[in-house]
Amino acid sequence: MKRTTCLFDCLLVDALIDQPQKGHPLIGMCMTMTISFKELGLAQPLLQATEALGYTQATPVQEKVIPAAISGGDWMVSSQTGSGKTAAFLLPLLNQLIAANPNGKPVPGRAEPQVLVLCPTRELAQQVSADAINLVKFARGIRIATIMGGMPYGKQISQIKGANLVVATPGRLLDLSNSRAIRLDKVKCMIVDEADRMLDLGFQDDIEAIHELCSDRGQTLMFSATFAPRIMQLATSLMNNPGRIELASAHDKHENIAQTLHWADSVAHKHKLLSHWLSDPTMEQAVVFASTQADSETIADSLRADGHEATALHGAMPQAVRNRRLQSLRKGQTRILVATDVAARGIDVPTITHVINFGLPMKAEDYVHRIGRTGRAGRSGVAITLAEHRDRSKIRAIEQYTQQPLQAEVIPGLEPSEKSRKPSHRPGSGRPGRSFGGKGASNASNRHGQGQGEGKTFKQNHFAKPSGPKFAGSGKPSSGPKFGGSGKPSSGQKRTFA
Ligand code: AMP
């Protein structure tokens, strides 16, 4: 792998230091530099675009991924949600497209993209496309197209003609390829975004089929929240001796997001806690997560009945409706979005101040993605989790996954009953937990300088950093553990989750 500039040499030196095995560079947290986009050697139109977007310097993931991707070869990247990872892969690839067409000649109208970005969800595909369109605003001869299910075929088929960069969800891309509406044999670089989610959604076979259709490509980049064994397995089948760039993990603290847990006695109690938080004067926009599609509708209905501007979003809605609702959120017209995990990734709306987990996620790692909808691009955010007594094992799994205790708090007048006040961790397990009764409750009050019944001052400290201790011992889960047992809903009811 050839690295030419001084910056790339510097990367190589660090990479060799952390090289776990021959030919497998690993670039880690140790090398933090502050670099402008100009220093990264990007073409002028991209520098203009980053400036217009207000990006003054590269984020850590961009500092590492841009030079690595430009230098060539396959790379696996793990990075935190909201870290700027989309621009980290778009910028070097757009740079290559600009270099291949320096005079910005109009592209021939063939459906033969050179860059292919695969996304697990339609929402993420739309977000990535929107970012790409913003980044090529000042470039000529580059066209972006989006391929995803739920949209009319005809429009997509005409859009992909002449597109050099295609962002796609796997199923619809294969449909179009099978009907010869698109050829993938000219693809030079394929990016698999959110690879962990791809596997969760059962896209492994589709990705492998797409991999075969563009097997002559020279580069593959894969982004994932973790490098769990199943991700490594996928990497082995798609990539050629990939380098690893490991920036952050689920265990990072999300210090800009104040995370709080409220124990509740019942769904009705959770509704009261939700209502309390939605009336918070610092709340600009909120995403309330529900466990099922039906729950998202019910919660949105009940919020509207209480006079809140709330709307639901879930995977069973027609794509046009999902698009309209997301657009309305982006424009600030929707104040409260009640969503399933379909909204847990890819929604990038900086004005979301609060994420409220009304229903807990199926998998602990989804907690991290959910809370990442707030505190975007360096802002502060608030993440509230409402849990019932029966959710204890899920809360433990989240704490284990993030290796941070969730701070349990009480809202004066909305305290849980004695049953829910039991410690959230088994005594003697060696893991710190907070209890509501006795000491725990007084700690919560002390931290906010108020006793019971004085809820106003309680809320002034939302943006305080979580102060709880880290777990002792290694306890390092390599991938997101599923919740208790099978991870299936405990009620016998059939539930649809996204
Ligand atoms: P992502 O992790 O790709 O979802 O990006 C999160 C947010 O960071 C998006 O709103 C981007 O527009 C923003 N962003 C990306 N790169 C930069 C940068 N270099 N400086 C400031 N904001 C950025």
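Reader: Let me start with one residue: how many C-beta neighbours inside 10 Å does E194 have, and what does E194 count as?

Author: E194 has 23 C-beta neighbours inside 10 Å, so it counts as buried. The general idea is a neighbour count: a residue is buried if 20 or more other C-beta atoms, placed from the backbone, lie within 10 Å of its own, exposed if 12 or fewer, and partly exposed in between. You are looking at a predicted model, in which local features need pLDDT of at least 70 and side-chain atom pairs count only at pLDDT 80 or more, while totals for chains, interfaces and linings use all residues. Residues are numbered from 1 along each chain as its sequence is written.

Reader: What is the phi of E194, and where is E194 found?

Author: E194 is not a glycine, yet it has a positive phi of about 50°. E194 is found in the loop between β6 (189-192) and α8 (195-200). These names come from DSSP runs, numbered from the N terminus: helices are H or I runs of at least four residues, strands E runs of at least two. Q403 also has a positive phi, about 55°, and is not a glycine either. Q403 sits in the loop between α15 (392-402) and β15. With 18 C-beta neighbours inside 10 Å, Q403 counts as partly exposed.

Reader: Now the whole chain: how many helices and strands are there, and what share of the residues counts as buried?

Author: The chain has 17 helices and 15 strands. Of its 498 residues, 46% count as buried. You can also ask how far along the sequence the contacts reach; two residues are in contact if their C-beta atoms, placed from the backbone, lie within 7 Å. Here, among contacts with a separation of 6 or more, 76% join residues 24 or more positions apart.

Reader: In what order do the strands of the open sheet run?

Author: Pairing is the thing to look for: two strands pair if DSSP finds at least two bridges between them. In this model, 7 strands form an open sheet with parallel pairing, in the order β11-β12-β10-β13-β14-β9-β15. Its edge strands, β11 (310-313) and β15 (407-408), each pair on one side only. Helix α12 (residues 293-305) packs on the sheet and touches β10, β11 and β12. The direction of α12 makes about 175° with that of β11.

Reader: Which residues cover the two sides of β11, and which strand does β11 pair with?

Author: Both faces of β11 are covered: A310 and A312 on one side, T311 and L313 on the other, are all buried. β11 pairs with β12 in the parallel sense over 4 bridges, and T311 stands opposite L337 in β12. Strand β12 (residues 336-339) also pairs with strand β10 (residues 285-289), again in the parallel sense over 4 bridges. There, V287 stands opposite L337.

Reader: How many residues does the largest nonpolar core have?

Author: In soluble globular proteins, nonpolar side chains tend to be buried together. A nonpolar core here is a set of buried Ala, Val, Leu, Ile, Met, Phe, Trp, Tyr and Cys residues joined through C-beta atoms within 7 Å. The largest has 74 residues, and V65, L94, L116 and L118 have the most contacts inside it. Helix α4 (residues 85-100) gives the largest share of this core, 9 residues. Apart from it lies another core, of 50 residues, among them A264, L273, A290 and I356.

Reader: Where is I356, and what is I356 in contact with?

Author: I356 lies in strand β13 (residues 352-357). I356 counts as buried because it has 27 C-beta neighbours inside 10 Å. Beyond four places in sequence, I356 is in contact with L274, W277, A286, V288, I384 and L386. W277 is 79 residues away along the chain, yet its C-alpha atom and that of I356 are separated by 8.5 Å.

Reader: At what angle do α4 and α5 pack?

Author: Two packed helices are described by the angle between their axes and the distance between the axes. α4 and helix α5 (residues 122-135) pack at about 45°, with their axes 10 Å apart. The contact is made by T86, A87, L90, L91 and L94 of α4 and V128, D131, A132 and L135 of α5.

Definitions and conventions:
Axes are lines fitted to C-alpha atoms, for helices over the stretch in contact, and angles run from 0 to 180 degrees between N-to-C directions.
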